[in-house]
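Dear colleague,

I am handing over the structure we talked about, with the sequence alongside. Please have a look at it first; my notes on what was found follow below.

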Amino acid sequence: MQRIVVIGGGISGLATAYHLQQRLPDARVTVVEARGRLGGTIHTEERDGFRLELGPNGFLNNKSSTLRLCRSLGLESELVVANPAAARRFLYENQQLTELPHGLGSLVASPLLSWTGLWRLATERFRRTPPPAGDESVYDFLVRRISPEIAEQFADALVTGVFAGDPRQLSLAAAFPRLADAERRYGSVSRGLPKLLRSARAELAAPGRPKPKRTALTSFRRGLRTLIDALVSRLRTPPHLGTPVRHVGLTTREPRPLWSVELEDAEPLEADAIVLTLPAPRQAGLIADLDGELADLMLQIPYVSVAVVAMGFRAQDVPTDAVDGFGYISPQRTRRDLLGVQFCSSIFAERAPSGMVLVRALCGGWQRPEVMTWEDDRLGLAARRELRFALGIARPPVLMHICRWDPAIPQYTLGHLERVAQIEEKASRWPGLYLGGNAYHGVALNDCTAQAERIADAIARYCSGLK
């Protein structure tokens, strides 16, 4: 019987454990988690009738791995997609909210772009601007393909909404591979991206199942905890909760590799294979004695921290239509106290009791790390002040809950793909060691579930050679 230890009980670790059990029915798969609960940054709480998502708010239905996982777990009937009105997204700049364009008509009418900017955008498909020989930042890509105006106006908003990072430092190929792929395959983003998206949607249609009618943020009626609860219920071996891992090491190489996982306040675990799904710096800490060079490479992946401030209001205290849409982004270059605000009860039904409104503010990020040091009272006051400026909400909330994530989001800075290739090459020298999580190949929930499948497949092949 193979023994596999998965270190980290977030979505990456739980999905990997589930897929391993499917592929290796006789294996003993053990999940080890330092916290007292499973789920990682996926954390749904019920408070006073409000349903709070304190981590990810959902996943896009434009990729297949999470939808496959839901089908396998029997969760399809629990899925819900965002309200169509949530397609409306806003930018908060110069003391006002401006709706982001979502079509040709709204683009032409938008005050965000000059006529020159519109012309540069419309003619992007005819422009031949060869990419540089090395890596290219998100900001530089938009300058090269379209114009400095587009880069200044939209690169920050694009990156803030996904990475809370710096568009001048993030690698386009690593952070937004579809944009890079569109240019590489079709010579143009505006020509290539629609084709890539249509192809991706076509692949989503499983036999006998229609493809989604539209790309939309997707969750569950009772929040993302539904997915975590389902995965946890399928674990055949009880997980180790509240059990930090002190060290991992390779005990023997011959006649077959054997790993030792040393735990705090518990007996060590032996394993034929181990999977690390923690943030990269924590992975580095576990293998530093085993392979210092590998650990040093992991430590080169920076992270940002983010705080979530969830606030519930009486609907009568919220100006009419103030929260009609998905939410707004405050570009980081403006150095506002909030990265942005999501209108949770407008995105998904049943997130707030009748007559109530739920929003959540995101704070911190690359440009404002000092915000994470503020006490809760100061952070709450800052969030309320920003809502008053942007949305006209002057009355105090009936509910406020603050959650801090440190570290929160890995930053795929310039050279990320090369670093990851070096990390994976060095890790491959250690038989039975596998690296997962969101540090390497995508930060979204879909990326984590896709990587979990790949790792489970690789371990299944590896274990078949141990028999």
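The accessible surface of the chain comes to about 20,500 Å², and carbon and sulfur atoms account for 52% of that area. Please keep in mind throughout that this is a predicted model.

As for the overall form, the C-alpha trace spans about 70 × 55 × 50 Å along its principal axes. The radius of gyration is 23 Å, which agrees with the value near 23 Å that a compact globule of 467 residues would have. Of the 467 residues, 56% count as buried, and the chain holds 16 helices and 19 strands. Among contacts between residues at least 6 apart in sequence, 71% join residues at least 24 apart.

Turning to the interior, the largest nonpolar core has 44 residues, of which Leu52, Val138, Phe163, Phe176 and Ile409 touch the most other members. At least two residues of this core come from each of strand E4 (50-53), helix H5 (138-145), helix H6 (148-162), helix H7 (172-175), strand E14 (303-314) and strand E18 (399-410), with H6 giving the most, namely 6 residues. If residues up to four places away in sequence are set aside, Ile409 touches Val162, Phe163, Ala164, Pro302, Tyr303, Val304, Val306 and Val443. Another core, of 41 residues, lies apart from the one just described and includes Leu20, Ala230, Leu231 and Val275.

Finally, on charge, the chain carries 58 positive and 50 negative charges, and the mean positions of the two sets are 7 Å apart.

With best wishes

How values were computed. Residues numbered from 1 in each chain as written. Predicted model: local features only at pLDDT ≥ 70, side-chain atom pairs only at ≥ 80, totals over all residues. Heavy atoms only, no water. Core = buried A, V, L, I, M, F, W, Y, C linked by side-chain atoms within 4.5 Å. Buried < 20%, exposed > 50% of the residue type's maximum accessible area, 1.4 Å probe, protein only. Helix = DSSP H or I, 4+ residues; strand = E, 2+ residues; numbered from the N terminus. Contact = heavy atoms within 4.5 Å. Rg over C-alpha atoms; globule rule 2.2 N^0.38 Å. Areas by Shrake-Rupley, 256 points an atom, 1.4 Å probe, with all protein chains shown as cover. Lys, Arg positive; Asp, Glu negative; His and termini not counted. Charge placed at Lys NZ, Arg CZ, Asp CG, Glu CD.
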